[in-house]
Amino acid sequence: MSIHASDPFATPDDLRSPLRRFRGRLPAAVSLWTAGGGSTAAGLTVSSMLVADGDPGRVAGLVDDESELWTAIEATGRFAVTPLAEGDNQLAERFAGLMPAPGGLFATGDWDDTEFGPVPRGYPWAGCDLDGAREFGWSLLVEATIQRVELAQAAAKPLLHHRGRYTSI
């Protein structure tokens with residue numbers, strides 16, 4: 001809930017990068033990438049990603065090279081990708097570092113530990129082995145092979161990010 005119709009701290013449109021404004025007009029599915037386990041578990045909200053069908057399937061995404069997630073992926077060579085659903089706004093904000101996480105990122109909610117990283121209980125997810133990463137714009141383009149897919153019982157409406165806000169279809 002907010003008392004403002006818009007973000008009072010946002011950079012005015014005329015001072016924003018035209019490229020960022022263009023990218024913001026492309027709706028993107030919001031996912032949670034996690035890696036590690038126990039005290040080394042890390043996670044990050046990722047909306048710049050794609051999944052490619054094939055044998056094997058592949059995933060690619062843009063990740064901050066200074067994030068704890070990247071440190072955990074480098075250390076373990078694997079990670080989990082969980083698509084978020086309508087109503088997961090706070091979860092997405094927490095892992096994006098935009099909302100406080102008292103007790104740590106994984107202190108709230110129910111989590112299953114997997115060999116790829118923690119995943120929210122009851123959500124679909126894919127377990128991925130890292131193939132490589134390279135600089136791509138101001139991020140790392142992380143490429144991986146999908147080794148395992150777990151699907152939830154019912155498909156939920158996806159959480160989308162569009163023009164700086166969460167929405168759904």
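These legends accompany several close-up views of one predicted model.

**View 1. An open sheet of seven strands, paired antiparallel.** Reading across the sheet, the strands come in the order S3-S2-S6-S9-S10-S5-S4. At the edges sit S3 and strand S4 (49–52), each with pairing on one side only. Look along neighbouring strands and you will find them turned by 30° against each other on average, with direction ignored.

**View 2. Strands S2 and S3, side by side.** Five bridges join S2 and S3, and the pairing is antiparallel. One place to zoom in is Thr34, whose bridge partner in S3 is Gly43. Helix H2 packs on the sheet, where it touches S2, S3, S5, S6, S9 and S10. The direction of H2 makes about 50° with that of S2.

**View 3. The largest nonpolar core, with 19 residues.** The residues with the most contacts inside this core are Trp33, Val59, Val63, Leu69, Phe79, Cys128 and Val142. Two or more residues each come from strand S2 (31–35), strand S3 (42–46), S5, helix H2 (68–76), S6, strand S9 (125–136) and S10. As general background, nonpolar side chains in soluble globular proteins tend to be buried together.

**View 4. Leu69 and the residues it touches.** Leaving aside residues up to four places away in sequence, Leu69 touches Trp33, Thr34, Ala35, Ala42, Gly43, Leu44 and Val63. Two of these names may look familiar: Thr34 and Gly43 are bridge partners. Elsewhere there is a second, separate core of eight residues, including Val30, Leu32, Ala92 and Leu159.

**View 5. A salt bridge between Glu143 and Arg58.** The model holds seven salt bridges, and in this one the N to O distance is 3.6 Å. Glu143 belongs to strand S10 (residues 139–150) and Arg58 to strand S5 (residues 58–63), so the pair links distant parts of the chain, 85 residues apart. Glu143 has a relative accessibility of 27% and therefore counts as partly exposed. Arg58, at a relative accessible area of 31%, is partly exposed too.

**View 6. Arg78 reaching Glu115 through a salt bridge.** Here the side chains meet at 3.2 Å, N to O. Because Arg78 lies in strand S6 (residues 78–83) and Glu115 in the loop between strand S7 (111–112) and strand S8 (119–120), the pair ties together parts that are 37 residues apart in sequence. Arg78 is partly exposed, with a relative accessible area of 21%. Glu115 has 52% relative accessibility and so counts as exposed, the cut-off for that class being over 50%.

**View 7. Glu115 again, now with Arg148.** In this salt bridge the closest N and O atoms of Arg148 and Glu115 are 3.8 Å apart. The pair links distant parts of the chain, with Arg148 in strand S10 and Glu115 in the loop between S7 and S8, 33 residues apart. Arg148 is partly exposed at a relative accessible area of 33%. Pull the view back and a network of salt bridges appears, linking Arg78, Glu115, Asp129, Arg148 and Glu150.

Terms used: Residues are numbered from 1 along each chain as its sequence is written. This is a predicted model: local features need pLDDT of at least 70, side-chain atom pairs count only at pLDDT 80 or more; totals for chains, interfaces and linings use all residues. Side-chain values use heavy atoms; hydrogens and water are left out. A salt bridge is a side-chain nitrogen of Lys or Arg within 4 Å of a carboxyl oxygen of Asp or Glu. Helices (H or I, at least four residues) and strands (E, at least two) are DSSP runs, numbered from the N terminus. Buried means under 20% relative accessible area, exposed over 50%, partly exposed in between (1.4 Å probe, protein chains only). A nonpolar core is a set of buried Ala, Val, Leu, Ile, Met, Phe, Trp, Tyr and Cys residues joined through side-chain atoms within 4.5 Å. Contact means heavy atoms within 4.5 Å. Two strands pair if DSSP finds at least two bridges between them. Axes are lines fitted to C-alpha atoms, for helices over the stretch in contact, and angles run from 0 to 180 degrees between N-to-C directions.
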